[in-house]
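Good morning, and thank you for making time on the agenda. I shall go through the ligand site first, then the sheets, and finally two points of backbone geometry.

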Amino acid sequence: MSDATGEVTIYGAGMSGLVAAINLARRGFHVTVHEREPGYGGSRQFNPSTHVTPIDPVRTSEYIGIDISSVFHPVVECPAYFHETRLLVPVASVYAVERGSRPSSLDTLLYGECQGLDIDFEFGSSLTKADLDNLPPRTIIACGLNSPAYDLLGIPHLKWEGWMSRGELAVGNMAWLWWDECVNEYGYFSAVNGYYYDQLFSFGPVGWEDLKKYRSFMAHHEGMEHQEWNQIAGVAPVASPENPKLFWRDAVLCGTISGAMDPLLGFGISGALVTGKVAALAITDRDAAEAEFKRFNRHFKASFYAKKLVWSRFIRPNVSAISAAINLFGVQRAERLGNFFAAGHLHVKGAIPGFGPFNCS
Ligand SMILES: Cc1cc2nc3c(=O)[nH]c(=O)nc-3n(C[C@H](O)[C@H](O)[C@H](O)COP(=O)(O)OP(=O)(O)OC[C@H]3O[C@@H](n4cnc5c(N)ncnc54)[C@H](O)[C@@H]3O)c2cc1C
């Protein structure tokens, strides 16, 4: 594709916005990135944090044209707990990555790539209603999971609430997941680069008693306690089977606000990376970008309905039954089955947009 000239405006200096900016600046565009925070590193409400995701960092790097593999670290162990039942999740292609502005984060790597390119940053500059009425041509909106942008754009979303704890911790690259009836989503912990992020969340309120139960589980099963917990809230574009959208009027969407997320567990990292690249393509070739976007998000609808009609109605509300079923089948047998899936023998793809054994590439 030939080089181009012209102005591009991007709202959001998170991971997808930066991937789009780098790709466009390399092609000859002058890019201005507006970010509501005072610096790079994503939302201060959510970051610094650590995330875990199934991903193929090498193929993802090739696709987005930026080598991000050095900041994705293999997860060594990830148990999933259903009450007292502990099941080891296959971690062969599961990686931990740090968000925020610490030197070891993904954001720092991407921001470093921007240096020397024709990219201007306007920090402390938010997308507003007035901006939306006068968007310049070649605008990309990459505002992540912060509620005001969804309200402004009228994007269907669900609101989640919860508790989070984060900080430095001398543990390896690890994670866990915890399911209990006290929340309708889950508790999860991840750690990488000597930093941890722990969150209990639900689509709806999560009380102090629920947190107490989670903390008791952590102390009992993982021998871990954190001094400080804070309340947290956000949104997710998983309110409609039609959520994934590359365009809003003439503007291009990318990252989580475009709906490039797996609706089942909320993995958003992989989708944000690949749709940052797709958004850059959309600036010069809307049809080609639309085809790529559809390819990456083609399993969203099926996964959305599987969660809404089966998982959330019949399975998730009864963790005791899940636990009993796993024990009846046998924990080790269930783990072997999980490893068989993860090895790709069944060629079953999930709804995580991007590259990896369970991803929709
Ligand atoms: C607490 C938490 C934990 C998560 N854990 C995981 C996980 O373990 N694994 C996983 O795969 N995914 C996880 N996700 C999802 C994942 O973080 C997101 O899907 C991903 O970061 C989205 O990237 P993005 O580029 O769309 O947005 P972000 O990287 O969030 O960037 C959005 C940027 O837009 C800025 N912004 C917002 N509103 C405006 C505005 N009005 N004007 C200008 N700028 C604005 C923000 O400040 C931010 O810098 C988690 C999300 C959260 C919130």
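An oxygen atom of the ligand lies 3.1 Å from a polar backbone atom of Ile 269. Taken alone, the ligand exposes 1,000 Å², and the protein buries 96% of that. Please keep in mind that this is a predicted model, and that every value I quote is computed from it.

Two side chains also make polar contacts with the ligand. For Thr 256, a polar side-chain atom is 2.5 Å from a ligand oxygen. For Arg 99, an N or O atom of the side chain is 2.7 Å from an oxygen atom of the ligand.

How many residues surround the ligand? There are 35, and the closest are Ser 16, Glu 35, Arg 99, Tyr 188 and Thr 256. By class, this shell has 14 nonpolar, 17 polar and four charged residues.

Which elements supply at least two residues each? They are helix 1, residues 15-26; strand 2, residues 30-35; strand 3, residues 49-54; strand 13, residues 195-202; and helix 7, residues 269-284. The largest share, three residues, comes from strand 3.

Let me turn to the sheets. Strands of a sheet pair through backbone hydrogen bonds, in either a parallel or an antiparallel manner.

One open sheet has six strands in the order 8-2-1-9-16-15, with mixed pairing. Strand 8, residues 119-123, and strand 15, residues 247-248, stand at its edges; each has a single partner strand, so one side of each is left without a neighbour in the sheet. Strand 8 runs parallel to strand 2, and five bridges join them. Glu 35, already listed among the closest residues to the ligand, has Phe 123 in strand 8 as its bridge partner. Helix 7 packs on this sheet, where it touches strand 1 (7-11), strand 9 (139-141), strand 15 and strand 16 (251-253). The direction of helix 7 makes about 160 degrees with that of strand 16. Helix 7 is also one of the elements that contribute to the ligand shell.

A further open sheet has seven strands in the order 6-5-11-12-13-10-14, and its pairing is again mixed. Here the edges are strand 6, residues 85-88, and strand 14, residues 230-236; each has a single partner strand, so one side of each lacks a neighbour in the sheet. From one strand to the next, the twist averages 20 degrees. Strand 5, residues 79-82, runs antiparallel to strand 6, and four bridges join the two. Within that pair, the bridge partner of Tyr 81 is Arg 86 in strand 6.

I close with the backbone. Most residues other than glycine have a negative phi, and most peptide bonds are trans. What is the peptide bond from Asn 47 to Pro 48, cis or trans? That bond is cis, with omega near 5 degrees, and Pro 48 lies in the loop between strand 2 and strand 3. Asn 193 has a positive phi, near 55 degrees, although Asn 193 is a residue other than glycine. Asn 193 is located in the loop between strand 12, residues 187-192, and strand 13.

Technical notes: Residues are numbered from 1 along each chain as its sequence is written. This is a predicted model: local features need pLDDT of at least 70, side-chain atom pairs count only at pLDDT 80 or more; totals for chains, interfaces and linings use all residues. Side-chain values use heavy atoms; hydrogens and water are left out. A residue is near a molecule or strand if one of its heavy atoms lies within 4 Å of it. A polar contact is a pair of N or O atoms within 3.5 Å; within protein, one must be able to donate a hydrogen and the other to accept it, and residues adjacent in sequence count only if both atoms are side-chain atoms. Accessible areas come from the Shrake-Rupley method with a 1.4 Å probe; for residues, only the protein chains shown count as cover. Ala, Val, Leu, Ile, Met, Phe, Trp, Tyr, Cys and Pro count as nonpolar, Asp, Glu, Lys and Arg as charged, and the others, Gly among them, as polar. Two strands pair if DSSP finds at least two bridges between them. Contact means heavy atoms within 4.5 Å. Axes are lines fitted to C-alpha atoms, for helices over the stretch in contact, and angles run from 0 to 180 degrees between N-to-C directions.
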